[in-house]
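Dear colleague,

Please find below the structure I am handing over to you. My findings follow directly after it.

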Amino acid sequence: MLKEFKNFILRGNVLDLAVGVIIGAAFTALVDNLINPLIGMFVQSTALAHLSVTVGKTKFTYGAFLNDVINFIITAFVIFILIKFINKLFPKKEETVEEQKNEELETLQEIRDLLKKQ
């Protein structure tokens with residue numbers, strides 16, 4: 001089980017995910033402090049997260065949802081670009097799979113070829 005866990009951890013996808021989480025956490029602060037206030041300027045609000053609509057006694061804060069969606073899209077795009085750049089720097093070695101011919105299969109093919117000749 002430890003060997004399988006080690007192989008799982010050392011696979012490229014897990015390393016990509018770890019890099020993505022770290023960069024995503026760092027980049028979220030940039031989105032919150034720079035990009036969201038810029039968007040807030042265009043929607044006539046000081047902060048996008050404060051946008052809401054009240055229906056009856058219920059308050060729907062759609063601005064917080066928009067804020068989360070924008071954070072996700074921007075963070076995902078930056079992580080995508082970063083992983084693409086890392087994969088170009090360190091290309092994965094393609095595994096060459098050698099076909100191991102079964103001796104029984106070879107024998108059957110030889111018999112078939114001999115029968116065709118007769």
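The protein exposes about 10500 Å², and carbon and sulfur atoms supply 65% of that surface. Please bear in mind that this is a predicted model. Of its 118 residues, 14% count as buried.

Part of the exposed surface is a nonpolar patch of about 870 Å². Its members are Val53, Val55, Phe60, Tyr62, Phe65, Leu66, Val69, Phe72 and Ile73. Helix H3, spanning residues 62–89, and strand E1, spanning 53–55, each contribute at least two residues to this patch. The greatest share comes from H3, which provides six residues. Val55 is one of the patch residues and lies in strand E1.

As to the overall architecture, the protein has four helices and two strands. Read from the N terminus, their order is α-α-β-β-α-α. Among contacts with a separation of 6 or more, 50% join residues that are 24 or more positions apart.

With regard to charged side chains, a search of the whole structure returned one salt bridge. It pairs Arg112 with Asp113, at a distance of 3.3 Å from N to O. How exposed are the two partners, Arg112 and Asp113? Arg112 has a relative accessibility of 43% and is therefore classed as partly exposed. Asp113, with a relative accessible area of 35%, is likewise partly exposed, since that class covers values between 20% and 50%.

With kind regards

Notes
Residues numbered from 1 in each chain as written. Predicted model: local features only at pLDDT ≥ 70, side-chain atom pairs only at ≥ 80, totals over all residues. Heavy atoms only, no water. Buried < 20%, exposed > 50% of the residue type's maximum accessible area, 1.4 Å probe, protein only. Contact = heavy atoms within 4.5 Å. Areas by Shrake-Rupley, 256 points an atom, 1.4 Å probe, with all protein chains shown as cover. Salt bridge = Lys/Arg side-chain N within 4 Å of Asp/Glu carboxyl O. Patch = residues over 30% accessible without salt bridge, like charges linked within 9 Å, V, L, I, M, F, W, Y side chains within 5 Å.
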